[in-house]
Amino acid sequence: MSTNRQDRGKWGSRVGFIFAAAGSAIGLGNIWRFPYVAGENGGAAFVFLYIIFVIIIGVPVMISELAIGRYTEKNPVGAFRLLAPKSWWPALGMLGVFTGIGILSFYSVVAGWTLGYFVKTILGEFSGEITTGNLEVIYNTFVGNPVAVIIYSFIFISITALVVQGGVSEGIERWAKILMPFLFALLILLTLRSITLEGGAEGIRTYLLPDFSKVRAATFGKALGQALFSLSLGMGTMITYGSYMSKKENLVTAAGYVCFFDTLIAILAGLMIFPAVTANNLSMGEGPGLVFKVIPAIFSRMFGGHIFGAGFFLLLAIAALTSTISLLEVPVAYLVDERHWKRTNAVLLMAAAAFLLSIPSSLSFMSGGFFANIPVLKMKFLAFMNIIMGNYSLAIGSFFIALFVGARWGTGMIRSDFTENRLSPVVYNIWRFLIRFVCPIAILAIFIYIIVSGDYA
Ligand code: PHE
């Protein structure tokens, strides 16, 4: 399909849109972040809260973002300018633009690690008898080497920039459609291997049998943040993607599919990781290194594991790519639509900004380095960005998006998306109730709970 450069672009087909949106949603959030955050926060109890938040907050906010985007055919800033001129609402779009750069900056560091691990696997670093101790050393040495990490994230941001430069249907959509199914197949294969590992039962138990005594204020905040992060909500990604959607499509069912697949992949990733954690005597609270220590342990015990392992890291990098594309697309769409920049210049500037901001995250794992333990905050720079940009900013964004649709724009604007598509009015009423009351109140309650208990991170 040829895209007129003057044109903002459109998805080539309905399936294309679902793949692109699912490509944005499915990424490191599902496979890297979900298992380790779940592990640190009590396993099954966290997973339970996570699923609840996907249903009562994720799905309704996703429908709202897509609707705003499709109605306005604009980036988040432009969308709010159009729907609420001369008000503060466009600032909500700006928050999304900044959050996009912020998330992209630390996300591409971890995405760079996946490239590094792909190379390591190919070079045979994980072949032979591999022990937990070895995996630990390999991981620490790799992430502690800033030069390699910075180079890998630079490569990653550059690839992202190239695809985004290619535009909507030729770049983003084509990649997502071809590659996502492979990731899914490989995930199933590795899960099957993992759950049959000796010593894995303990991990499955931690993952599936909730222990609610482990739930603290921060657990709520993290489960909510994780749900929004994983679904790419709260910063206008879905407003931007919705803006390339045709009016003919049913955005309610599209949102349903995307949320369903995203959650399915996260749950599967947990099922792949947790048994292998206990089978290899790793700890649940392993932190951001979890996947990178566990995956090589799984494939080192598989026939032809070498190839599966390399394939896995490559596909994980690609899943990350379809997400970084959507992160970069938000600020780029803002510059192109609102400031009339050339797409190329917008891509260059925003990618450069994300790269500069990624450097302190890259330096976060250098032992004894400044960014490895920032004074006062007492945490790694990457962890700080992860919490501020990947949790709080998305939660604040989602809160105001719900408020905007519920109180300012009006839910009636989205009504026809339900009724014209033969969905029963009951579904519309449920959505309306969730977006007007449940979403804002639940998010606010979690913030208050966190502030009152002082349990921030
Ligand atoms: N949802 C992506 C993931 O799970 C990350 C992301 C967050 C992408 C916010 C876009 C916007 O990996």
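This is a short tour of the ligand site, the cavities and one pocket in the structure above. Keep in mind that you are looking at a predicted model.

**Stop 1: the ligand**

Start by selecting the ligand and the residues around it. There are 15 residues in that shell, and the ones that come nearest are Ala-25, Gly-29, Tyr-107, Phe-229 and Ser-232. Show those five as sticks and leave the rest as cartoon for now.

Next, look for polar atoms facing each other. Which residue puts a polar side-chain atom 2.5 Å from an oxygen atom of the ligand? Click on Tyr-107, and you have found that contact. Now move to Ser-232: a polar atom of its side chain is 2.9 Å from a nitrogen atom of the ligand. For Leu-28, turn on the backbone, since a backbone N or O atom there lies 3.2 Å from a ligand oxygen atom.

How much of the ligand does the protein bury? On its own the ligand would expose 320 Å², and the protein buries 100% of that.

Now colour the helices that build the shell. Four of them bring at least two residues each: α1 (14-25), α2 (28-40), α10 (217-230) and α14 (305-338). Try colouring the shell by residue class as well. You should get six nonpolar residues, nine polar ones and no charged ones.

**Stop 2: the largest cavity**

Zoom out for a moment. Across the whole structure, a search turns up three cavities of 30 Å³ or more. The largest has a volume of about 120 Å³, and 15 residues line it. To find its middle, select Ser-24, Ile-103, Phe-229, Ser-232 and Leu-327, which are the lining residues closest to the centre.

Does the view look familiar? The ligand sits in this largest cavity.

Two or more lining residues come from each of α1, α5 (89-122), α10 and α14. Which of these elements gives the most to the lining? Highlight α14, which contributes three residues. By class, the lining has seven nonpolar and eight polar residues, with no charged residues.

**Stop 3: the second largest cavity**

Head over to the second largest cavity, which holds about 90 Å³ of space. Its lining includes Gly-221, Lys-222, Asn-391, Tyr-392, Phe-447 and Tyr-456, so select these to get your bearings. Helices α10, α16 and α18 (425-453) each supply at least two of the lining residues. The largest share, five residues, belongs to α10. Colour by class again, and this lining splits into eight nonpolar residues, three polar and one charged.

**Stop 4: the second largest pocket**

Finish at the second largest pocket, with about 370 Å³ of space. It is lined by 18 residues; select Tyr-36, Glu-40, Ala-383, Asn-386 and Ile-387 to land on the ones closest to its centre. The elements giving two or more residues to this lining are α2, α10 and α16 (381-409).

How many residues does α16 give to this lining? Colour α16 and count five, the largest share. For a last look at residue classes, the pocket lining has nine nonpolar, four polar and five charged residues.

How values were computed:
Residues numbered from 1 in each chain as written. Predicted model: local features only at pLDDT ≥ 70, side-chain atom pairs only at ≥ 80, totals over all residues. Heavy atoms only, no water. Near = heavy atom within 4 Å. Polar contact = N/O pair within 3.5 Å; in protein donor to acceptor, adjacent residues only side chain to side chain. Areas by Shrake-Rupley, 256 points an atom, 1.4 Å probe, with all protein chains shown as cover. 1 Å grid on protein atoms, 1.4 Å probe; cavity = no way out; pocket = protein on both sides within 12 Å on 5 of 7 lines; lining within 4 Å. Sits in = over half its atoms within 2 Å of the grid points. Helix = DSSP H or I, 4+ residues; strand = E, 2+ residues; numbered from the N terminus. Nonpolar A, V, L, I, M, F, W, Y, C, P; charged D, E, K, R; others polar. Points joined across faces, edges and corners; volume = space filled by probe spheres on them.
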